[in-house]
Amino acid sequence: MMNEAVDIYREVTDIVKRDIKTYIPSFLRDDINPQDYTAVCVKCEGLPDFQKRILKEEYGYSEEQISDIHSWEEFEKKQEISQNTCKDAGNSDGETKDLTKEEIDQMQKDAIAEAFEKIARGEELTDAEKGNLGEMLMDQYYISKGYTPIHQPRVTDLEHKSGQGIDGVYEKTNPDGTKSYVISDAKVNHSRLNKNLADGTDQMSDAWIDKRLDGAVGKEKADEIRDAYEDNPGSVSKEVYHYSYGENLGGISIADVSTVDKDGNMSKDKKMVQVFNENGDQVIGDEKDD
C-alpha cells in the first residue's frame, strides 16, 4: 500500500508546493521520507483527487461521503471521534465503558427518530447523515428478521464517521442449531456499489469481502463464517439494503433488499421490505422471520 500511495503523490501534476503536513495523511508522515516524493497539490475547494482516491479505495467511502469532507485534517479528526462512538463518555471521572447491545439499539432508534424529524421539518440531511441513517435502518431491519449484528463498530448517531469496509454482518441461530449469516451494504437514494478498486476488487464481491471480513468481525468469527460458507454456501448471504426517501409523494419512504453475486453485481431480485410514513413510522415490513 505504501508504494502505491507514493505513486499516487507522484501522479499529481500542475501543482504548487505546499506544507507537507497539509496534504500527507498522518499514517504516512512517519513512514515516507520527504525526499522520496514531492509534497505538492493543487489548491482547490475540498479534497484533492489523490486524497479522494485514498478515501474511496482504502476506506471504502462513497462519492457522497467524500463530498462532505473538506480537508484531510477534518477526516482524521472525525475518524478519531468515530473510534469512540460505541463508548459511554458520561462518567464524571472521564472513564469510558462499553455499551450493551440494548443501549446501542436504543441509540440507533433515537438517532433514526431524529433523522425522520429533520426530514419532516424539511431539513436537508448531509450525505454523511444519509449514509449513517441507512446503516442504522439496516441494522434494525436485520434485527427485526431475527439476526444479531456482529460487526464493529456499529453506527449510533448521525455524525458517525466510519466508512471503512463492510457495513454490516449479521448472525442468526436456526431452530436446528445451525447458523445463518448475512453480509450487507447500506445504500441511500442513488448511491451504488463501487467498482474497479485499487486492490483489483469490486465492492461486495467475494474477494472484496474476504479482504475485509477480519476487520469487521475479528479473525475468529470471520473464519467461522468462511467455514460455514465452505460447508454450505446457502448459509451465507450477501445483500444490499437500499433506503430511498424524499422521492415519493406524501413523504413516504421505502427500503428494498437485493442479493449480490460473487463478482459484486446486484441481482434483479430487488424486493421491497419496508415502507415508512412521513413520521418515520414503519407501516409495512414488521413481520419477523421464524
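Here are some worked exercises on the predicted model shown above.

**Exercise 1. Get your bearings in the chain.**
Work out how many helices and strands there are, and what share of the residues is buried.

*Solution.*
- Start with the secondary structure: the chain has 10 helices and 11 strands.
- Next, burial. Of the 290 residues, 47% are buried.
- Then look at the outside: about 15500 Å² is exposed, and 46% of that comes from carbon and sulfur atoms.
- Finally, check the contacts. Taking those with a separation of 6 or more, 56% join residues 24 or more positions apart.

**Exercise 2. Check the length of helix H8.**
Compare the expected span of H8 with the distance between its end C-alpha atoms.

*Solution.*
- H8 covers residues 127–144, which is 18 residues.
- The expected span takes 1.5 Å times one less than the number of residues.
- For H8 that comes to 26 Å, and the end C-alpha atoms sit 26 Å apart, so the two agree.
- While you're there, look at its surroundings: 16 of the 18 residues are buried, leaving H8 mostly covered.
- Just past the helix, Gly-146 has a positive phi of about 95°.

**Exercise 3. Place His-151.**
Is His-151 buried or exposed, and what does its side chain reach?

*Solution.*
- Find it first: His-151 sits in the loop between strands E5 (148–149) and E6 (168–173).
- Its relative accessible area is 2%. The cut-off for buried is under 20%, so His-151 is buried.
- Now follow the side chain. There's a polar contact with the side chain of Asp-139 at 3.3 Å, and the backbone oxygen of Asp-167 is reached at 3.5 Å.
- Other residues that His-151 touches include Val-169, Tyr-170 and Ala-216.
- Step across to Val-169, which lies in strand E6. Val-169 is buried too, with a relative accessible area of 0%.
- The contacts of Val-169 include His-151, Val-182, Leu-213 and Ile-225.

**Exercise 4. Sort out some salt bridges.**
For Glu-224 with Lys-179, Arg-212 with Asp-199, and Arg-226 with Asp-223, say where the partners lie.

*Solution.*
- A quick reminder: side chains of opposite charge can pair when their charged atoms come close.
- The whole structure has 20 salt bridges.
- Take Glu-224 and Lys-179, which meet at 3.6 Å, N to O. Glu-224 is in helix H10 (residues 219–231) and Lys-179 in strand E7 (residues 179–188), so this pair ties together parts 45 residues apart in sequence.
- Both ends are partly exposed: Glu-224 at 28% and Lys-179 at 32%.
- Move on to Arg-212 and Asp-199, with closest N and O atoms 3.1 Å apart. Here Arg-212 is in helix H9 (residues 206–217) and Asp-199 in the loop between E7 and H9, 13 residues apart.
- Arg-212 is buried at 18%, whereas Asp-199 is partly exposed at 31%.
- Last, Arg-226 and Asp-223 meet at 2.8 Å. Both lie in helix H10, three residues apart, about one turn of the helix.
- That pair also belongs to a salt-bridge network with Asp-210, Asp-214 and Lys-219.

**Exercise 5. Find a nonpolar patch.**
Which residues form a nonpolar patch on the surface?

*Solution.*
- The patch is made of Met-272, Val-283 and Ile-284, with about 270 Å² of accessible area together.
- Zoom in on Ile-284, found in strand E11 (residues 282–284).
- With 45% relative accessibility, Ile-284 counts as partly exposed.

Methods: Residues are numbered from 1 along each chain as its sequence is written. This is a predicted model: local features need pLDDT of at least 70, side-chain atom pairs count only at pLDDT 80 or more; totals for chains, interfaces and linings use all residues. Side-chain values use heavy atoms; hydrogens and water are left out. Patches are made of residues with over 30% relative accessible area and no salt bridge: like charges are joined within 9 Å, nonpolar side chains (Val, Leu, Ile, Met, Phe, Trp, Tyr) within 5 Å. Accessible areas come from the Shrake-Rupley method with a 1.4 Å probe; for residues, only the protein chains shown count as cover. A salt bridge is a side-chain nitrogen of Lys or Arg within 4 Å of a carboxyl oxygen of Asp or Glu. Helices (H or I, at least four residues) and strands (E, at least two) are DSSP runs, numbered from the N terminus. Buried means under 20% relative accessible area, exposed over 50%, partly exposed in between (1.4 Å probe, protein chains only). A polar contact is a pair of N or O atoms within 3.5 Å; within protein, one must be able to donate a hydrogen and the other to accept it, and residues adjacent in sequence count only if both atoms are side-chain atoms. Contact means heavy atoms within 4.5 Å. Lists of a residue's contacts leave out its neighbours within four places in sequence.
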